[in-house]
Amino acid sequence: MRDVYRFRFGPTETMVIIQEAFPSREEVCIGNNGLVLCDTNTESIARTILPDMPYCVIPAGEMHKNWQSVSLMLQAAHKAGISRDGCFIAVGGGVVSDMAGFAASVYMRGVSFSIVATTLLAMVDAAIGGKTACDYCDLKNLIGTFYPASKVFIPLESLKTLPALEWKSGRAELIKTAILNRSEHILDRIAALSLEKQISRAVAIKGSIVESDPYERGEKRIILNLGHTFGHALETATGLGTVSHGEAVAWGIARACALGEALGNTPPERSKKILDLLSDYETQAPHPLLRNSQAFLDALYHDKKKKGTTLRFIVPAAQGVTVVSSDHIDQELLNRIIGITDSTAS
Ligand SMILES: NC(=O)c1ccc[n+]([C@@H]2O[C@H](COP(=O)([O-])OP(=O)(O)OC[C@H]3O[C@@H](n4cnc5c(N)ncnc54)[C@H](O)[C@@H]3O)[C@@H](O)[C@H]2O)c1
């Protein structure tokens with residue numbers, strides 16, 4: 001199988017290639033010289049495809065998604081003599097591709113960038129759409145840029161070594177994308193589709209949403225944040241790297257269902273269908289690993305998706321999703337949805 005998509009994200013055209021095998025060096029490398037960026041778990045995959053190139057290998061995991069790693073990437077590029085017409089090649093999951101994209105966007109005011117996505121989560125979400133970032137001041141993705149890769153490779157072969165926990169994390173983003181779609185049959189059939197089809201569908205849906213609002217200026221792209229407002233706050237409040245991104249998103253989707261039901265936006269039967277799909281995940285409130293309610297609320301109100309002091313929550317609707325403003329939600333209801341009973345947390 002080989003599916004190819006072309007998306008226009010602002011001024012950049014991104015080609016996404018979904019295929020069984022790893023791409024060749026010639027396909028991946030754009031320009032005259034290149035730097036491979038990977039982590040300690042994806043280095044062996046990278047060296048198979050891209051031997052004899054300069055490397056920057058960062059320690060694996062969300063706890064290393066920080067400015068220090070981005071700085072290491074920039075130093076490695078300088079050391080390797082990467083020029084303005086060179087390229088950065090990310091081989092890894094969302095942590096590597098988010099930071100490599102960030103580094104590519106600022107190195108010499110922007111060099112070519114391609115991604116070989118090696119986790120399910122990166123294939124269906126992180127590698128598509130041009131959001132780059134690293135965590136900063138203990139807050140998730142606080143700094144970053146919009147800088148889409150020109151080429152994104154999705155080699156299904158790389159999933160053979162993916163640990164079970166990372167499959168679970170990626171599957172949450174697949175379910176999220178299916179909820180966004182206004183035609184309910186995608187959600188109804190998600191379990192019946194082959195993995196290739198599920199990935200291909202998710203890429204097509206995410207790509208078309210991002211094309212319609214590449215810089216998240218309107219109300220279109222923001223729907224991709226379903227589950228993320230609650231999820232990012234959970235990741236931050238439990239300590240970055242404690243709850244995987246996908247598991248946090250799954251919990252966040254469950255909270256969005258509870259909020260949507262309370263506000264009358266989410267029909268209970270749709271909530272039930274979504275919660276059934278999330279039955280392998282922790283969906284109860286409070287989350288068992290959440291020890292500090294105030295830290296959760298602090299992280300929630302730092303959310304990048306807020307407009308002024310108003311938060312915008314994405315909740316499932318009868319079809320697709322809808323955006324609700326925190327101006328219509330009182331703190332008591334929000335505390336109940338998150339499972340906060342501590343009266344000092346407000
Ligand atoms: N830019 C976006 O639009 C966007 C969207 C969603 C998520 N994200 C970000 O993506 C990150 C999560 O991505 P992730 O789940 O891919 O995490 P990750 O990059 O940390 O990968 C998860 C783990 O799997 C390992 N790994 C990667 N590929 C492997 C393979 N083929 N075989 C064995 N091990 C492998 C990694 O080394 C890591 O230990 C978060 O930081 C999140 O904020 C970004």
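Start with the whole protein chain in cartoon view: you'll find 13 helices and eleven strands. Keep in mind as you go that this is a predicted model. The radius of gyration is 20 Å, close to the 20 Å the globule rule gives for 346 residues, so the chain is as compact as a globular protein of that length. Turn it around and the C-alpha trace spans about 55 × 40 × 35 Å along its principal axes.

Now colour by burial. Buried residues make up 47% of the 346 residues in the chain. Switch to contacts, and count those with a separation of 6 or more: 73% of them join residues 24 or more positions apart.

**Stop one: the two domains**

Select 2-162 and give it one colour; that's domain 1. Then select 167-338 for domain 2. Their C-alpha centres lie 25 Å apart. Where they touch, domain 1 brings 29 residues to the contact and domain 2 brings 28.

Which elements should you pick on the domain 1 side that touches domain 2? Try strand S1 (2-9), strand S2 (12-19), H5 and strand S8 (139-143), since each supplies at least two residues there. Colour that side by class and you get 16 nonpolar, six polar and seven charged residues.

**Stop two: around the ligand**

Next, click on the ligand and show the 30 residues around it. Asn41, Gly93, Gly94, Val95 and Thr119 are the ones that come nearest. For the wider shell, highlight helix H4 (94-106), helix H5 (120-126) and helix H6 (164-180), the elements that give two or more residues to it. You may recognise H5 from the last stop, where it helped supply the side of domain 1 that touches domain 2.

What mix of classes does the shell around the ligand have? Its residues divide into nine nonpolar, 14 polar and seven charged.

**Stop three: Thr238**

Finish by selecting Thr238, in the loop between helix H9 (228-237) and helix H10 (245-263). Is Thr238 buried or exposed? Count the other C-beta atoms within 10 Å and you reach 20; the cut-off for a buried residue is 20 or more, so Thr238 is buried.

Show its neighbours too: leaving aside residues up to four places away in sequence, Thr238 touches Val243, Leu289 and Leu290. For a last distance, pick the C-alpha atoms of Thr238 and Ser293: these residues are 55 apart along the chain, yet the two atoms are separated by 9.9 Å.

Conventions:
Residues are numbered from 1 along each chain as its sequence is written. This is a predicted model: local features need pLDDT of at least 70, side-chain atom pairs count only at pLDDT 80 or more; totals for chains, interfaces and linings use all residues. Helices (H or I, at least four residues) and strands (E, at least two) are DSSP runs, numbered from the N terminus. The radius of gyration is taken over C-alpha atoms; the globule rule is 2.2 Å times the number of residues to the power 0.38. A residue is buried if 20 or more other C-beta atoms lie within 10 Å of its own, exposed if 12 or fewer, and partly exposed in between; C-beta atoms are placed from the backbone. Two residues are in contact if their C-beta atoms, placed from the backbone, lie within 7 Å. A residue is near a molecule or strand if its C-beta atom, placed from the backbone, lies within 6 Å of it. Ala, Val, Leu, Ile, Met, Phe, Trp, Tyr, Cys and Pro count as nonpolar, Asp, Glu, Lys and Arg as charged, and the others, Gly among them, as polar. Domain bounds come from an automatic or database domain assignment.
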